[in-house]
Amino acid sequence: MKITRQKHAKKHLGFFRNNFGVREPYQILLDGTFCQAALRGRIQLRDQLPRYLMGETQLCTTRCVLKELETLGKELYGAKLIAQKCQVRNCPHFKSPVSGSECLLSMVDEGNPHHYFVATQDQNLSVKVKRTPGIPLMFIIQNTIVLDKPSPRTVAFVKAVEAGQLVSVHEKQSIKQLKEEQGLVRNPDLRRRRRKKKKVGGPNPLSCLKKKKKAQDTKSPASEKKRKRKRIRNRSTPKVSSEQQGAEG
């Protein structure tokens, strides 16, 4: 039974890897319902998930999920402890937290660019996740972890891409990256940085130093003339003294 589960998981992973760029380490977003099911089934997620997926995994959650578990009280205290041991990913609800299901949906929005897996026992959330192509869905049934097969919406999307009707998100990202590497498309972040640097510019200290050197150069000829005059006076005095000595003789 375990071998067949791993075969199905390997097949589904290959599908998501080839068509949507899913890769190791697999980032798995957990909600409170999945943590609670793992606690009841005595499932060691850090040990069993890498074995089941046959690769490195990262257990992730969000601040909204942790906040939701805190508000639910003592009944989900064990699930909260499991979620607190996960890596916390930044979500756009820092100032105003939302429900865990709504937060996870926002994390996989716009084509799931970070290739998150969604692990949940919430049926409503599972239905919404399946509406978006390219999101691997995981759940626990009979105390075993299961990677769900690709949804019909995901399969239809892949067929449309193969037929040339659509371009996958993974292909769009790779094309954009190639254009940036070849210099065909400029990175907007670099433009903003360059503009900021131009605005902050101040007076060039080297230009100030050059002006001082010019001022010194203008003063130098006058000082040389004074030195020459002093030398002339010193030469004239000994001539006068020699004539007087001749007259006296």
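1. **Overall make-up.** The chain has eleven helices and six strands. This is a predicted model, so please read everything below in that light. The chain counts 249 residues, of which 31% are buried. If you look at contacts with a separation of 6 or more, 67% of them join residues 24 or more positions apart.

2. **How far to trust it.** Confidence first, before the details. The mean pLDDT of the chain is 80, with 65% of the residues reaching 70 or more. One stretch to treat with care is residues 240-244, where the pLDDT is below 50. Beyond near neighbours in sequence, that stretch makes zero contacts in the model. Where pLDDT is low, the predicted coordinates should not be read in detail.

3. **The largest pocket.** This pocket holds about 270 Å³ of space. Its lining brings together Ala38, Leu39, Arg42, Ile43, Gln44, Leu45, Arg46, Asp47, Leu59, Ile82, Lys85 and Cys86. Two helices, α2 (32-40) and α3 (45-53), each give at least two residues to that lining. The largest share comes from α3, with three residues. Sorted by class, the lining has seven nonpolar residues, four charged ones and one polar one. If you want to find the place on your screen, Arg42, Arg46, Asp47 and Lys85 are among the lining residues to display.

4. **The second largest pocket.** Here the space comes to about 150 Å³. The residues around it are Thr120, Gln121, Gln123, Ser126, Val127, Lys130, Leu137, Phe139, Ile140 and Asp148. Helix α7 (123-131) and strand β5 (137-141) each supply at least two of them, and α7 has the largest share, four residues. The class count for this lining is four nonpolar, four polar and two charged.

5. **An enclosed cavity.** The model has one cavity of 30 Å³ or more, and the space inside is about 60 Å³. Its lining is made by Phe16, Val129, Lys130, Thr132, Ile135, Pro136, Leu137, Asp148, Lys149, Pro150, Ser151 and Thr154. Six of these residues are nonpolar, three polar and three charged. Lys130, Leu137 and Asp148 deserve a second look: they line this cavity and also appear in the lining of the second largest pocket.

6. **Cysteines.** You may well ask how many disulfides the structure holds. The count is zero. Why is Cys35 not bonded to Cys86? Their sulfurs are 5.5 Å apart, and since a disulfide needs the two sulfur atoms within 2.5 Å, that is too far for a bond, although Cys86 has the closest cysteine sulfur to Cys35. Cys35 is buried, because its relative accessibility is 1%. Cys86, its partner in that comparison, is also one of the residues lining the largest pocket.

7. **A second cysteine pair.** For Cys91, the closest cysteine sulfur is in Cys64, at 3.8 Å. That distance is again too far for a bond. With 10% relative accessibility, Cys91 counts as buried.

8. **A cis proline.** Which peptide bond is cis here? The bond between Glu24 and Pro25 is cis, with omega at about -5 degrees. Pro25 sits in the loop that runs between α1 (2-20) and β1 (26-30).

9. **Glu110.** This residue has a phi near 60 degrees, a positive value in a residue other than glycine. Glu110 lies in the loop between α6 (100-107) and β4 (116-119). Is Glu110 buried or exposed? Its relative accessibility is 70%, so Glu110 counts as exposed.

10. **Gln142.** Gln142 is not a glycine, yet its phi is positive, at about 55 degrees. The residue is placed in the loop between β5 and β6 (144-147). Gln142 counts as exposed because its relative accessibility is 73%.

Key: Residues numbered from 1 in each chain as written. Predicted model: local features only at pLDDT ≥ 70, side-chain atom pairs only at ≥ 80, totals over all residues. Heavy atoms only, no water. 1 Å grid on protein atoms, 1.4 Å probe; cavity = no way out; pocket = protein on both sides within 12 Å on 5 of 7 lines; lining within 4 Å. Points joined across faces, edges and corners; volume = space filled by probe spheres on them. Nonpolar A, V, L, I, M, F, W, Y, C, P; charged D, E, K, R; others polar. Buried < 20%, exposed > 50% of the residue type's maximum accessible area, 1.4 Å probe, protein only. pLDDT = per-residue confidence, 0-100. Contact = heavy atoms within 4.5 Å.
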